[in-house]
Amino acid sequence: MAQSRLNRPRADLAEWLRCPRCGADVAHAHDRYRCGNGHEFPVVLGIPDFRLYEDPLIPREDDYRKGERLQREAERRSFAELVAFYWTLPTYPPTAPDMRERFIRHVLTDEQRIAAWADELGRGDALLDVGCGAGVLSASRSDSTSAFAG
Ligand SMILES: [Zn+2]
């Protein structure tokens, strides 16, 4: 996948988003979103990063490098292989092997689990799947929802 596409979120996403610091509208330009009050948020691998604080478990730059590594691997691995690869990477604190296996199994069974309760979410014209993980919920609704982002 070309780098230029990775750094370009869908054109209408800004209509859905607000600055998490001040609540103002945001606009996308180049590699970031910016509100009218000057707050800026980068877009990394096509994903807007609206975090206001460092993740205590992984510094932001380490998180970006981890994402870039995963993106490179995604081009040559199946989804299941990529999930397994992800859990070979360091975590802070370290994740016990039995928990790694549990997390892998959880992700790889998402589709069956979501299919079982997706109808309970109701129907609507739009869906914003925040913290979407592998995007399974968005994928399950792509046929029945006219606009979705995750
Ligand atoms: Zn702002």
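**Exercise 1. Work out how α3 passes α4, and which residues meet there.**

Step 1. Start with the handedness: the crossing of α3 and α4 is right-handed (a crossing is right-handed if the near helix is turned clockwise from the far one by less than a right angle, left-handed if anticlockwise). Helices here are DSSP runs of H or I with at least four residues, strands are runs of E with at least two, and both are numbered from the N terminus.

Step 2. Before going on, note that this is a predicted model, in which local features need pLDDT of at least 70, side-chain atom pairs count only at pLDDT 80 or more, and totals for chains, interfaces and linings use all residues. Residues are numbered from 1 along each chain as its sequence is written.

Step 3. Now the geometry: helix α3 (residues 79–86) packs against α4 at an angle of about 150°, and their axes are 10 Å apart. That makes the two helices α3 and α4 roughly antiparallel. Axes are lines fitted to C-alpha atoms, for helices over the stretch in contact, with angles from 0 to 180 degrees between N-to-C directions. Angles under 35 degrees count as roughly parallel, over 145 as roughly antiparallel, 65 to 115 as roughly perpendicular and the rest as oblique.

Step 4. Finally the contacts (C-beta atoms, placed from the backbone, within 7 Å): Ala80, Val83 and Ala84 of α3 meet Ile104, Val107 and Leu108 of α4.

**Exercise 2. Check the length of α4 and decide whether it lies in the open or not.**

Step 1. Helix α4 covers residues 97–108, twelve in number, and at 1.5 Å a residue it should span 16 Å (1.5 Å times one less than the number of residues).

Step 2. The end C-alpha atoms of α4 are 17 Å apart, which agrees with that span.

Step 3. Count the buried residues: of the twelve in α4 the number is zero, so this helix lies largely in the open. A residue is buried if 20 or more other C-beta atoms, placed from the backbone, lie within 10 Å of its own, exposed if 12 or fewer, and partly exposed in between.

Step 4. For context, buried residues make up 5% of the 150 residues in the protein.

**Exercise 3. Describe the packing of α2 on α3, then place Arg69.**

Step 1. The axes of helix α2 (residues 60–74) and α3 come within 10 Å and cross at roughly 150°, so α2 and α3 are roughly antiparallel.

Step 2. This crossing of α2 and α3 is right-handed. Across it, Leu70, Glu73 and Ala74 in α2 meet Leu82, Phe85 and Tyr86 in α3.

Step 3. Arg69 lies in α2, and it counts as partly exposed because it has 13 C-beta neighbours inside 10 Å. Arg69 and Leu89 are 20 residues apart along the chain, and their C-alpha atoms are separated by 9.8 Å.

**Exercise 4. Lay out the sheet that contains β1, and find its edges.**

Step 1. The order in this open sheet of four strands is β1-β2-β3-β4, with antiparallel pairing (two strands pair if DSSP finds at least two bridges between them). Its edge strands are β1 and β4 (47–48), each pairing on one side only.

Step 2. Four antiparallel bridges join β1 (residues 26–29) to β2 (residues 32–35). One bridge partner in β2 is Tyr33, paired with His28.

Step 3. Two residues lie between the strands of the β1 and β2 hairpin, where His30 takes a positive phi near 55°.

Step 4. Strands β2 and β3 (residues 40–44) pair in the antiparallel sense over three bridges, with Arg32 opposite Pro42 in β3.

Note on methods: Two residues are in contact if their C-beta atoms, placed from the backbone, lie within 7 Å.
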